[in-house]
Amino acid sequence: MAENNQNRRYPQNLQGVLQLAMDAGSAAEGPAPVEPMSEERKTWLREALAEVAKGQMDEVEQMKQCLAVLCKEETSEREREGEEEMDEEDEDERESAFEVLSELCENLDNARDLMILGGLELCLSKYLCHAQSGLRWHAAELIASCAQNMPQVQVHLLSIGALPKLLQLTDSDPHPTVRVKALYAVSCLVREQEAGLQAFLTHDGFSVLMRGMQSENEKLRTKSAFLLLNLLTSHPEQKGTVVSMGMVQQLVSVLRTPHSPFHEHVLGALCCLVEGLSTGSQRLQESYSGSGGVSQTAIQRAPRKRRESGRTGLLRAFEGCMFPWAAVRR
C-alpha cells in the first residue's frame, strides 16, 4: 500500500485536477461508443463555422465600402461654388471612412487585405497631398496603423515611395496634427525595419527629427526626440553619422530652451551619443565651452560625473544648460 502511494502522481495544479477527474470518470464509465454524426449536428457545425468566417468577410466588405467612398470623384471648383455645406458633408464622410479603416486595420490580417485592395496606394497618391488637412492626417494615421508590426506592409509602403512623402509632411506641413501623424507613420516604417532605416538615412531623416525638436509643436518635439533616442539605442552604429552632422551641438541648443518634459528624451539621446564615442564627448564639451552662463567647473566635472554615476551624472552636468543660474551659483 505504501508502495502504491509512492508511485501515485498527484496533480500539481487545477488543470491536473481536472484531467484526473476526467480520467477517473472515463475509467468508471468505460469508453464512449463512436456514433456517426447526426444531420442536425452537422448542420449546427456548418452554421457555427460559417458564422466564424462571416466576421472576417464582413470586415473585408466594410473596407471595400470605405474605399468606394474614398475613390469617389470630388466636385470641381466651379461646382463647389455656393455648396460649402455639401463639401463639409463629403469631407466628413471621407474622414469617417478613414476612421473605420484605421480601426479595422489594427487587425494585421485586415492591414494586409487593405494593401491587396490598393488602399495604401490611394492614401499615397490622393490623400497625403490633399488640400484638406483633416484628410491628410487621417491618411497618414491609416498608413501608420497598417505598417505597425507588419513587415510585409512596411516593405510595400517603402517600395511605392511612402517614406519621402511622410518625411516631407513631418518637416513642412502647415498643420500641426498632420506633422505629428506623419511622424507616427515614419516611426512605424523605420523602427526595427532595416530597409526603412536605410531609406530614412538616404532622405536625411535625422535632420528632419532635429528640426522637429526645434519646432513650436510640443507633441512633435516630444515624438521627434523619442524616435531619435529609439534609433540611436537600437542602431548604435549610426552614432558617428549623427555626431558628424553636428547633432550634439544642436541637441545642447535645444536644452537651452525653456524646460520641457521632452528634454528627458533629448538628454537620453545625448547619453547615447557620448557613451563609448570619444568624438561625441568632445563635441559635447565644445558645446559647453561655447555656451554662455555655464561655468568651466561644470564643464570639467561633466566627464568625471558620467564615469561616476552614468546617466544621473550626465543629467546633473546638463543643469547648466537648463538652469544657467544654478551653474553660476556654483
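The exchange below goes through some features of this predicted model, asking what lies behind each description.

Me: What makes Leu183 and Tyr184 count as part of the lining of the largest pocket?
Reply: A lining residue must have an atom within 4 Å of a point of the pocket, and both residues are listed there, together with others including Gln148, Asn149, Arg191 and Phe226. The space in this pocket comes to about 300 Å³.

Me: Which elements give two or more residues to that lining?
Reply: They are helix 11, residues 176-190, and helix 14, residues 218-234, and helix 11 gives the most, with four residues.

Me: Why are three residues of the lining of the largest pocket called charged?
Reply: Asp, Glu, Lys and Arg count as charged, and the lining includes Arg191, Glu192 and Lys223, so these are the three charged residues, beside five nonpolar and four polar ones.

Me: How do you know that helix 6 and helix 7 meet?
Reply: Contact means heavy atoms within 4.5 Å, and Leu114, Met115 and Leu117 in helix 6 meet Gly119, Leu120 and Glu121 in helix 7. The axes of these helices, residues 108-117 and residues 119-127, come within 5 Å and cross at roughly 65°.

Me: What makes one residue of this contact polar?
Reply: Gly is counted among the polar residues, so Gly119 in helix 7 is the polar one, while the others divide into four nonpolar and one charged.

Me: What does "buried" mean for the chain as a whole?
Reply: A residue is buried when its relative accessible area is under 20%, and 42% of the 330 residues count as such.

Key:
Residues are numbered from 1 along each chain as its sequence is written. This is a predicted model: local features need pLDDT of at least 70, side-chain atom pairs count only at pLDDT 80 or more; totals for chains, interfaces and linings use all residues. Side-chain values use heavy atoms; hydrogens and water are left out. On a 1 Å grid over the protein atoms alone, a cavity is a set of points where a 1.4 Å probe fits but cannot get out, and a pocket is an open set with protein on both sides within 12 Å along at least five of seven lines; lining residues have an atom within 4 Å of a point. Grid points are joined across faces, edges and corners, and a volume is the space filled by probe spheres set on the points. Buried means under 20% relative accessible area, exposed over 50%, partly exposed in between (1.4 Å probe, protein chains only). Axes are lines fitted to C-alpha atoms, for helices over the stretch in contact, and angles run from 0 to 180 degrees between N-to-C directions.
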